[in-house]
Amino acid sequence: MATSLGSNTYNRQNWEDSDFPILCQTCLGENPYIRMTKEKFGKECKICARPFTVFRWCPGVRMRFKKTEVCQTCSKMKNVCQTCLLDLEYGLPIQVRDTGLSVKDEVPRSDVNKEYYTQNMEREIANSDGTRPVGLLGKAPSSSDMLLKLARTTPYYKRNRPHICSFWVKGECKRGEECPYRHEKPTDPDDPLADQNIKDRYYGINDPVADKLLKRASTMPRLDVPEDKSITTLYIGGLGENVTDSELRNHFYQFGEIRTITIVQRQQCAFIQFATRQAAETAAEKSFNKLIINGRRLNVKWGRSQAARGKEKDGVTESGIRLEPVPGLPGALPPPPVSDEDASTNYFNLAPTSSPAVMNLGLPPPPGVAMPPPPGFGPPMFHTMDPMAPSMPPPMGMRPPGQVHYPSQDPQRMGAHASRHGGP
C-alpha cells in the first residue's frame with residue numbers, strides 16, 4: 001500500500017508518533033515500575049494499515065510480553081485499549097458495548113474509504129479535548145444497565161499469563177521450571193473462544209467472547225418487586241469490613257428519605273428502610289447489580305415483612321413450599337386445661353406404665369394433730385408367727401397417696417422404740 005514502510009513515503013506525515021500507549025489497567029500490569037521498549041514506526045496498524053509507534057513491555061512476573069496492536073487513532077475512534085481491544089470504561093468487547101449503547105458501527109472496510117474516514121476522525125480528535133470519545137460513541141448515552149451489570153470492576157491479570165508450551169503438550173519440553181510458557185493441558189480446540197479475529201473484534205462482528213457475554217446478560221437474574229406494599233426495606237449484602245454507615249447513606253439518600261440504616265457487622269450486611277415505597281423501588285432498580293462501594297460489588301435485595309418472616313401454616317411457608325417433617329422429634333404438647341379439674345400431670349406425653357410410682361408431696365399437719373409414727377419405730381422387719389402381732393405395713397410403692405414417710409419415720413426401722421407403738 002501507499003502508506004506502508006516499503007513504499008513511497010508521500011503520506012508519511014500521517015504516520016503516528018506517540019510517547020506513551022493507550023492501555024487498560026489489565027494490560028499495563030500491577031507493577032507500578034515498568035520498562036517499555038519504544039520502536040518508532042515499528043509495525044503497521046492491523047486495522048488501518050498505517051505505521052505507528054510500537055511499545056513492548058512485560059506486565060509482571062511470570063507474565064508474557066505484550067505489545068500494542070493498533071494505532072492510537074483507531075484506539076480513540078472506538079475508545080479501546082491498543083493491545084486487548086476492550087473498552088476502556090467497561091472492560092467489555094466492542095460488540096457488547098455497542099449493543100448496550102445501541103451504537104451502529106459505520107467504519108468503512110475498503111482501503112480508500114477507510115483512509116478518508118480516518119483522516120476525518122483525526123481532525124475531529126484534534127479539535128476535541130481528548131478526554132471523551134468521538135463520533136457516534138461520543139453522542140451515545142453515558143451508561144446502560146446491561147453494561148453496568150457486565151462491567152468488570154477490578155483488573156483481570158490472569159489474562160496476561162504466558163501461552164501454553166506446545167513442546168510440553170507433546171512431551172518434549174526439556175526446560176523444566178525455566179520454561180517461560182505454561183505447562184498446562186490445553187483447552188478444547190473446538191472451543192469457539194479459541195478462534196478470534198482481531199478485525200472482527202474491532203468491527204464488533206462474529207466475536208465469540210461477545211456472544212458469550214450477551215447470552216449471560218440475557219439470563220441474568222432480575223429483582224422482582226414484592227407484592228406487599230408495606231415493605232420499604234432493602235437488604236445490602238457483601239459489605240466487607242470497610243463499608244460504613246455514611247457511605248451507604250451517601251449513595252441511597254438520592255433516591256428518597258431514609259428512615260433507618262442498620263448494619264450487621266457480624267454477617268457483613270445492612271438493612272436500609274426508606275420512608276416511602278416509591279423511594280425503595282427506585283433505589284432497588286438503580287442499585288441492583290450496579291452498586292459498587294470501595295471497589296466491592298454489593299448485593300441488593302428486597303427485605304421481608306415482619307409478618308412473613310418465619311410464617312408457616314401446616315408445614316407450608318408463605319411462598320408455597322411444603323416443608324417435610326423432621327423424623328425423631330417428639331409430638332406436640334397437649335393444650336393447657338380449661339379448668340383445674342382437667343389438669344393432668346403428664347406434661348411430656350409419656351406413655352402410661354403398669355405400676356406408676358406416685359409420690360404425693362404434702363404439707364406437714366398443723367399443730368395439735370397427731371402425726372403417724374416415724375419410719376423405723378414400728379415392728380421388726382422379720383416375719384413373726386405370732387397371730388396377735390400387728391401386720392406389716394405395705395411397701396412404699398403399694399401405699400395409697402397420703403403423707404410423705406421419711407426414712408426416719410419408718411416404723412420398720414431397726415432400733416425403733418416399742419413403747420411408742422404399744423409394746424411392753
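Here are some notes to help you find your way around this structure, which is a predicted model.

1. **The first sheet.** A good place to begin is the open sheet of three strands, arranged in the order S1-S2-S3 with antiparallel pairing. Strand S1 (36-44) and S3 sit at the edges, each pairing on one side only. Between S1 and strand S2 (residues 51-57) there are six bridges, again in the antiparallel sense. If you would like one pair to look up, take lysine 38, whose bridge partner in S2 is phenylalanine 55.

2. **A hairpin further along.** Strand S5 (residues 258-264) and strand S6 (residues 269-274) run antiparallel and are joined by six bridges. Within this pairing, isoleucine 258 stands opposite phenylalanine 274 of S6. Four residues lie between the strands of the hairpin, and glutamine 268 has a positive phi there, near 55 degrees.

3. **The largest nonpolar core.** Phenylalanine 274 turns up again here: the largest nonpolar core has 22 residues, and Leu234, Ile236, Leu248, Phe252, Ile272 and Phe274 are those with the most contacts inside it. Several elements supply at least two residues each, namely strand S4 (233-237), helix H10 (245-252), S5, S6, helix H11 (277-287) and strand S9 (299-302). H11 makes the greatest contribution to this core, with four residues.

4. **Leucine 248 up close.** Which residues does leucine 248 touch, leaving aside those up to four places away in sequence? Its contacts are Ile236, Leu239, Val243, Ile261, Ile263, Ala270, Ile272, Ile293 and Leu298. Two of these, Ile236 and Ile272, are also listed among the residues with the most contacts inside the core.

5. **A second core.** Separate from the core just described is a second one of 19 residues, which includes Val54, Cys74, Ile94 and Val134.

6. **An enclosed helix.** Ile94 leads on to helix H3 (residues 94-101), which is largely enclosed by the rest of the structure because seven of its eight residues are buried. Those buried residues are Ile94, Gln95, Val96, Arg97, Asp98, Gly100 and Leu101. They pack against helix H2 (72-78), helix H5 (136-139), helix H6 (145-150), H8 and H9. Just after H3 comes serine 102, which has a positive phi near 55 degrees.

7. **The largest pocket.** Two of the packing partners of H3, H8 and H9, also appear in the wall of the largest pocket. This pocket holds about 1,800 Å³ of space. Its lining consists of 42 residues, with Arg64, Arg159, Leu193, Gln196 and Val209 nearest the centre. At least two lining residues come from each of strand S3 (66-67), helix H8 (198-203) and helix H9 (208-218), and H9 gives the most, with four. What is the lining made of, by class? It has 17 nonpolar, six polar and 19 charged residues.

8. **A single cavity.** How many cavities of 30 Å³ or more does a search of the whole structure find? There is one, and the space in it comes to about 40 Å³. Gly29, Glu30, Pro59, Gly60, Met63, Tyr157 and Asn160 form its lining. By class, that lining has three nonpolar, three polar and one charged residues.

Methods. Residues numbered from 1 in each chain as written. Predicted model: local features only at pLDDT ≥ 70, side-chain atom pairs only at ≥ 80, totals over all residues. Heavy atoms only, no water. 1 Å grid on protein atoms, 1.4 Å probe; cavity = no way out; pocket = protein on both sides within 12 Å on 5 of 7 lines; lining within 4 Å. Points joined across faces, edges and corners; volume = space filled by probe spheres on them. Nonpolar A, V, L, I, M, F, W, Y, C, P; charged D, E, K, R; others polar. Pairing = 2+ DSSP bridges. Core = buried A, V, L, I, M, F, W, Y, C linked by side-chain atoms within 4.5 Å. Buried < 20%, exposed > 50% of the residue type's maximum accessible area, 1.4 Å probe, protein only. Contact = heavy atoms within 4.5 Å.
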